[in-house]
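Let us walk through this model step by step. Start with the overall fold, then turn to the surface and the aromatic rings.

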Amino acid sequence: MMGVMGPSGFFLFIIILTLALALYAMWRMTQRAATPVDQTGPFAPVSPVVSAATVEAVYTEMTENAEHDTTP
């Protein structure tokens, strides 16, 4: 498209792609009813913070790899 329309063809392509995605999303939302609340499970938020066990496992792995590393 850029060969035909030049640099502005990129923005036209992005606009067309975004509109197509939005239309698909709107169409898809009409195809099935929402799940009733009594059939859903509880929401469990996940913290972006790692646990102490994860930090220890990574530290152990890194120190073991450093001991076996033979590069100068």
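Which pattern does the chain follow, read along the sequence? The pattern is α-α-α. The chain holds three helices and zero strands. The radius of gyration is 25 Å, whereas the globule rule gives 11 Å for 72 residues, so the chain is more spread out than a compact globule. The C-alpha trace tells you about the extents: along its principal axes it spans about 55 × 50 × 15 Å.

Keep in mind that this is a predicted model. How confident is the predictor? The average pLDDT of the chain is 84, and 90% of the residues score at least 70. Confidence varies between the helices. Helix α1, residues 2-5, has the lowest mean, at 75. Helix α2 has the highest, at 93. Where pLDDT is low, the predicted coordinates should not be read in detail.

Next, the surface. What share of the 72 residues is buried? Buried residues make up 3% of them. The chain exposes about 6,900 Å². Of that area, 70% comes from carbon and sulfur atoms.

One part of this surface is a nonpolar patch. F10, F11, F13, I14 and L17 form it. Together these residues have about 500 Å² of accessible area. Take F11 as a way in. F11 sits in helix α2, which covers residues 8-29. Is F11 buried or exposed? Its relative accessibility is 55%, and exposed means over 50%, so F11 counts as exposed. F10, another member of the patch, has a relative accessibility of 41% and therefore counts as partly exposed.

Now look at the rings. A pair of aromatic rings is described by the distance of the centres and the angle of the planes. How many aromatic pairs does the chain have? The count comes to two. In one of them, the ring centres of F10 and F11 lie 5.5 Å apart. Their planes meet at 70 degrees, and over 60 counts as edge-to-face, so that is the class of this pair. Both F10 and F11 also belong to the nonpolar patch.

Y24 and W27 form an aromatic pair too. Here the centres are 5.9 Å apart and the planes are at 40 degrees. That makes the pair tilted. Where do Y24 and W27 lie? Both are in helix α2. They are three residues apart, about one turn of the helix. Y24 has a relative accessibility of 46%, so it counts as partly exposed. W27 is also partly exposed, with a relative accessible area of 46%.

Finally, move to helix α3, which runs over residues 52-68 and contains T63. At 28% relative accessibility, T63 is neither under 20% nor over 50%, so it counts as partly exposed. What separation is there between the C-alpha atoms of T63 and P42? It is 39 Å, and the two residues are 21 residues apart along the chain. Set this beside the overall picture: the chain is more spread out than a compact globule.

Key:
Residues are numbered from 1 along each chain as its sequence is written. This is a predicted model: local features need pLDDT of at least 70, side-chain atom pairs count only at pLDDT 80 or more; totals for chains, interfaces and linings use all residues. Side-chain values use heavy atoms; hydrogens and water are left out. Helices (H or I, at least four residues) and strands (E, at least two) are DSSP runs, numbered from the N terminus. The radius of gyration is taken over C-alpha atoms; the globule rule is 2.2 Å times the number of residues to the power 0.38. Buried means under 20% relative accessible area, exposed over 50%, partly exposed in between (1.4 Å probe, protein chains only). Accessible areas come from the Shrake-Rupley method with a 1.4 Å probe; for residues, only the protein chains shown count as cover. Patches are made of residues with over 30% relative accessible area and no salt bridge: like charges are joined within 9 Å, nonpolar side chains (Val, Leu, Ile, Met, Phe, Trp, Tyr) within 5 Å. A salt bridge is a side-chain nitrogen of Lys or Arg within 4 Å of a carboxyl oxygen of Asp or Glu. pLDDT is the predictor's confidence in each residue, from 0 to 100. Rings of Phe, Tyr and Trp (its six-membered ring) pair if their centres lie within 6.5 Å; planes under 30 degrees apart count as stacked, over 60 as edge-to-face and the rest as tilted.
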